[in-house]
Amino acid sequence: MTAQITFPVESPGGPRPVTVAYERRGRGEPLLLLHGIGHHWQAWEPVFDVLATERDVVAVDLPGFGASPALPEGYGYDLPTVVPVLGAFCAALGLDRPHVAGSSLGGLLALELGREKLARSVTALSPAGFWSEAERRYAFTTLRAMRAAALAMPVPLIERLSRGAAGRAVLTSTIYARPGRRSPEAAVAETLALRASTGFHQTLAAGRTVLFSDDIPAVPVTVAWGTRDRLLPRRQGVRAKRTLPGARLVRLPGCGHVPMNDDPALVARVILDGSRAV
């Protein structure tokens with residue numbers, strides 16, 4: 001069952017409480033999992049139990065997404081705000097420099113945690129921040145359209161679409177290469193999570209000027225990209241490798257933007273191999 005923890009985060013006016021929801025399973029070295037914009041921790045469910053055989057796995061709902069409330073009034077959803085929040089979250093749970101794996105927005109956050117020396121290894125799956133301006137505009141326009149469609153559909157229609165492979169493709173094919181593999185329950189839950197994302201527009205607004213441009217020489221980094229990523233094309237992985245010359249660049253054949261559902265065994269192996277590089 002998803003738990004919640006409330007912890008203080010520094011602000012110009014003094015410490016303020018932030019509440020974050022998370023799921024924790026397994027044993028071993030700590031591994032923090034970060035989802036993408038509009039999603040929730042359940043995006044990691046296809047690989048969670050495999051990872052938990054070797055790691056103390058904590059999958060978080062980012063602030064303003066899933067079951068995590070929005071950040072306190074006046075807080076931004078930019079990297080200088082969210083990264084310290086995640087650092088405070090790890091400290092509150094006693095996670096000492098965890099391995100971090102993230103998808104999309106979560107991949108960007110994972111890289112930032114590595115740059116801030118708050119992670120012992122980083123695995124970034126199709127991370128944001130390696131786009132051209134045209135690619136960024138395309139991705140943001142697509143994400144806005146996905147959320148608008150989710151908001152426009154009545155819940156009974158979402159449930160009806162989820163019952164068939166073709167309907168699940170309507171709901172989720174932008175992020176999955178194999179949407180038919182997603183369960184009806186998961187397709188409904190993530191569509192509703194997208195609808196309810198209180199941090200969605202603020203996160204997009206904060207991302208307009210994001211461009212990851214710093215190497216992370218002191219932390220083992222793996223960057224993995226699905227060959228069928230329709231949101232952030234895989235050529236961005238080549239840019240990521242140029243920016244992070246010491247990183248391991250991995251191709252995920254047949255996988256879409258959120259690859260955990262498309263090939264769970266491959267993604268789990270990539271994450272575990274990346275965390276063993278320390």
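**Exercise 1.** Which helices and strands do the buried residues of α3 pack against?

*Solution.* Keep in mind that this is a predicted model.

Step 1: find the helix. α3 covers residues 105-115, and 10 of its 11 residues are buried, with the cut-off for buried set at under 20% relative accessible area.

Step 2: pick out those residues. The buried set runs through Leu 105, Gly 106, Gly 107, Leu 108, Leu 109, Ala 110, Leu 111, Glu 112, Leu 113 and Gly 114.

Step 3: look for the partners, counting heavy atoms within 4.5 Å as contact. On the strand side you get β3 (29-34), β5 (99-103), β6 (121-125) and β7 (221-226). The helices on the list are α2 (79-93) and α8 (200-207).

Step 4: check what comes after the helix. Lys 117 follows α3, and its phi is positive, near 60°.

**Exercise 2.** How many cavities of 30 Å³ or more are there, and what kinds of residues make up the lining of the largest cavity?

*Solution.* Step 1: count. You should end up with 1 cavity of 30 Å³ or more. The largest cavity holds about 300 Å³ of space.

Step 2: go to the centre. There are 24 lining residues, and the closest to the centre of the largest cavity are Ile 37, Leu 105, Leu 108, Ala 128 and Thr 203. Leu 105 and Leu 108 should ring a bell: both are among the buried residues of α3.

Step 3: sort the lining by helix. At least two residues each come from α2, α3, α4 (133-152) and α8. α8 gives the most, with 4 residues.

Step 4: sort by type. The lining splits into 20 nonpolar, 3 polar and 1 charged.

Notes
Residues numbered from 1 in each chain as written. Predicted model: local features only at pLDDT ≥ 70, side-chain atom pairs only at ≥ 80, totals over all residues. Heavy atoms only, no water. Buried < 20%, exposed > 50% of the residue type's maximum accessible area, 1.4 Å probe, protein only. 1 Å grid on protein atoms, 1.4 Å probe; cavity = no way out; pocket = protein on both sides within 12 Å on 5 of 7 lines; lining within 4 Å. Points joined across faces, edges and corners; volume = space filled by probe spheres on them. Nonpolar A, V, L, I, M, F, W, Y, C, P; charged D, E, K, R; others polar.
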